[in-house]
Amino acid sequence: MADTPGRVSASARRAGALVVGRWVGVGAVSALILLQLARDPSPLLVAAILTAVPVLGTNLAQRRALAAGRMGTVRRLSWALLALDGLLVLLAVLGMSRQPVGGYFMLGWLPIEGALAWGAPAAVTGGGLAVAVVLAETAMRRHGVPVLSTGDGSLVRVLNLVAVTAVMVALERGLGRGERAMVHRTTELAAAAQREREARLELQAFSTIVLAGVADKGSLDEVLRSMTHAVARTMDYEAVAVFLLDRPGLLRCNWSFGDWPGANGQEVVVVAGPGTIVGRVAQLDTPVLLGDPAEHPDYFPAVPGPRSEICVPLRIGGRVIGVVNVESSTPHRYDQADLDRLQRLADQLAVVVERARLADQETATVARLHDLDRLKDDFVAMTSHELRAPLTVIRGFARTLLRPDLEIDAQERRRFTEVIDRQTARLSRLVEDLLAASRMEAGRLDIVVGEHDAVKLLTEYAEEWANESSRVELDLADDLPVVLTDPDRLAQVVRNLVDNGLRYGGDGPVRVVARRDGTDLVIEVRDQGPGIPMSELPYVFERFRQVGSSPDHRAGMGLGLWITRQLVTALGGSIRVESVPERGTTFLVHLPGRQPEPARSWPRPEPEPAARRAPPTSRAG
């Protein structure tokens, strides 16, 4: 059967025509042979009838193979049928050779069948078989070597067969050229239709991306969800994932479609670099086309099974902001045209993503500005209240002392003076906190770190608590390290923590415990107050944040602990808080230090036992 390149249906049509022609031809020949057998029985005619049976059986098998589309089987059966047809014609012609007409008319079928089945070579083969039958019949009649002559018609028959063969070769070549031209034109039309379909799909995907970016007023994730689903359905993608740079060096799967881990709510994070195909594309800013991803050194089987993959970067102004990854369960599913198309879609997608990000940032900035306005108003109100409270007390007691009509004894006058001193100290601390916060915001906080004796520093700090000596206990370990710190800033840290414990710790004592942890100095400030709720512990060190609902917790500006953390961080240390409801709160400060020399440069002071090391106090609420 002659193949037409690129068009199986042309060969199938020829084979179908031969099947029908063979049914008719074999039926007519069989009827003629049976009629001849009835008049003059011959072994050759009996053999011909028997040969017709496998011819018809093979013809039926070829018809079924054609119906099933098994063209390989059809081609193999065509050669078998050509041989069987040649044998049937040979037997029929030899068996009818004694008849006046004979069966010579059947010989023309062989070059016709050869031309239709396999083209010019088979037509020549069929013609050669037909000539061989004429020679065999002539040899049988002459009982010797066959000689072609015009007298018995053998030469004419051979010339007729040669002419038929030549005509069939010419017709097959012309038919083949026509079919090839038709196939070429059909292929061009199919390719044009496919290009039009792909362009229409790409335009539809572009429209989907643009409309999603313009019309969707939701968050970035909502925009990505609508775009990813719409593009995947439009372009018939099995699995799509959009990765965006979440922070430097890390890609997060913001949204996915199809058989992908992120589609089930599982967070997928990929490092931008070797190890995954997505990470490699983000690092090199180069699209990747893979017929079989498992052969790639950076392949990571996020989804099992053989797959083909295309992966392209998302770019804005030459900067990679993410990656689009498309996968299929069919190996070698995509080609270069699919990769180029996905890159064009990704370029449009990147614009929409950047716009959504800017919109999110704008929304967050507006919200932040509203928060700052509210915080500013709250801060002004708190600052005014906090500054006014000590000033009111100072002015009240000072005016009382200045009244000429009021006689005040020395003890009462001293008490008034102590109140004024405490309120002045409180006012000084408020101003100091405000100045410290201002310097921290401006980045102008001076820190001078040096090596200092921890025992000496903490003992000096304890002198500031003289007025609260009954409530503040200092407990120093015997092996404290030399601390690397700024004494003034550390004093501010300890003072803020002690003041916080005195204010919110109820009536119980505040213990300041210093111990050694390796080469670090650990300072613990413990109170026995109501504690801090677990839900509010993460916000303790936030600026202007006041935890708790008691009047004591509502007092103050909410700057003390924020300043404390900033100072500890500037000193190279860390601070954390532990709290148990109704059992108190503990702040732990870790500061860098070193092992002290065997002979200390500063003698260890020996304060009074009551102030130096108080007995343990109960932490029961």
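**Entry 1: salt bridges**

I began with K456 and E460, whose side chains meet in a salt bridge at 2.7 Å, N to O. Both residues lie in helix α11 (residues 454-462), four residues apart, about one turn of the helix. I noted E460 as partly exposed, with a relative accessible area of 34%. The model is a predicted one, and I read every entry here with that in mind.

For the whole structure I have 15 salt bridges. I looked up R516 and D479 next; their side chains form a salt bridge at 3.7 Å, N to O. R516 belongs to strand β10 (residues 510-517) and D479 to the loop between β8 (472-476) and β9, so this pair ties together parts that are 37 residues apart in sequence. R516 is partly exposed at 31% relative accessibility, and D479 is partly exposed at 39%. I also found E473, D475 and R511 joined into one network by salt bridges that share partners.

I added D246 and R252, which meet through their side chains in a salt bridge at 3.8 Å, N to O. D246 has a relative accessible area of 42% and is partly exposed. R252 is partly exposed as well, at 24%.

**Entry 2: confidence**

I checked the pLDDT before going further. The chain averages 77, and 78% of the residues score at least 70. Over residues 4-8 the pLDDT is below 50, and this stretch has eleven contacts in the model beyond near neighbours in sequence. I marked residues 599-605 too: pLDDT stays under 50 there, and the model gives this stretch 13 contacts beyond four places in sequence. Where pLDDT is low, the predicted coordinates should not be read in detail. I therefore leave the contacts of residues 4-8, where pLDDT is below 50, without further reading.

**Entry 3: the six-stranded sheet**

I traced an open sheet of six strands in the order β3-β2-β1-β6-β5-β4, with antiparallel pairing. Which strands stand at the edges? They are β3 (269-271) and β4 (288-290); each has a single partner strand, so one side of each is left without a neighbour in the sheet. Neighbouring strands of this sheet are turned by 25 degrees against each other on average, direction ignored.

Within the sheet I looked at β1 (residues 239-247) and β2 (residues 250-257), which run antiparallel and are joined by seven bridges. A241 stands opposite S256 in β2.

I then looked for helices lying across these strands. Helix α7 (residues 220-235) lies across β1 and β2 and runs at about 55 degrees to β2. Helix α8 (residues 277-284) lies across β1, β2, β3, β4, β5 (308-316) and β6 (319-328), at about 35 degrees to β5.

**Entry 4: β9 and its partners**

I followed strand β9 (residues 482-485) and found it paired with strand β7 (residues 450-453) in the antiparallel sense, over four bridges. In this pairing H452 stands opposite V483 in β9. Strand β14 (residues 593-594) also pairs with β9, again antiparallel, over two bridges. There V482 stands opposite R594 in β14.

**Entry 5: aromatic pairs**

My search of the whole structure gave three aromatic pairs. One of them is F397 with F416, edge-to-face, at 4.8 Å centre to centre and 80 degrees between the planes. F397 lies in helix α9 and F416 in helix α10 (residues 410-442), so the pair ties together parts that are 19 residues apart in sequence. Is each ring residue buried or partly exposed? F397 is partly exposed at 21% relative accessibility, whereas F416 is buried at 9%.

I noted F541 and F587 as another edge-to-face pair, at 6.0 Å centre to centre and 80 degrees between the planes. F541 lies in the loop between β11 (520-526) and α13 (551-554), and F587 in strand β13 (residues 584-591), so the pair ties together parts that are 46 residues apart in sequence. Both F541 and F587 are buried.

**Entry 6: L387**

I closed with L387, which lies in helix α9 (residues 336-402). Which residues does L387 touch, not counting those up to four places away in sequence? I found L427 and L430. The C-alpha atoms of L387 and L430 are separated by 7.5 Å, with the two positions 43 residues apart along the chain. L387 is partly exposed, with a relative accessible area of 24%.

How values were computed. Residues numbered from 1 in each chain as written. Heavy atoms only, no water. pLDDT = per-residue confidence, 0-100. Contact = heavy atoms within 4.5 Å. Buried < 20%, exposed > 50% of the residue type's maximum accessible area, 1.4 Å probe, protein only. Pairing = 2+ DSSP bridges. Phe/Tyr/Trp six-rings, centres within 6.5 Å; stacked < 30°, edge-to-face > 60°. Salt bridge = Lys/Arg side-chain N within 4 Å of Asp/Glu carboxyl O. Axes fitted to C-alpha atoms, helices over the stretch in contact; angles between N-to-C directions.
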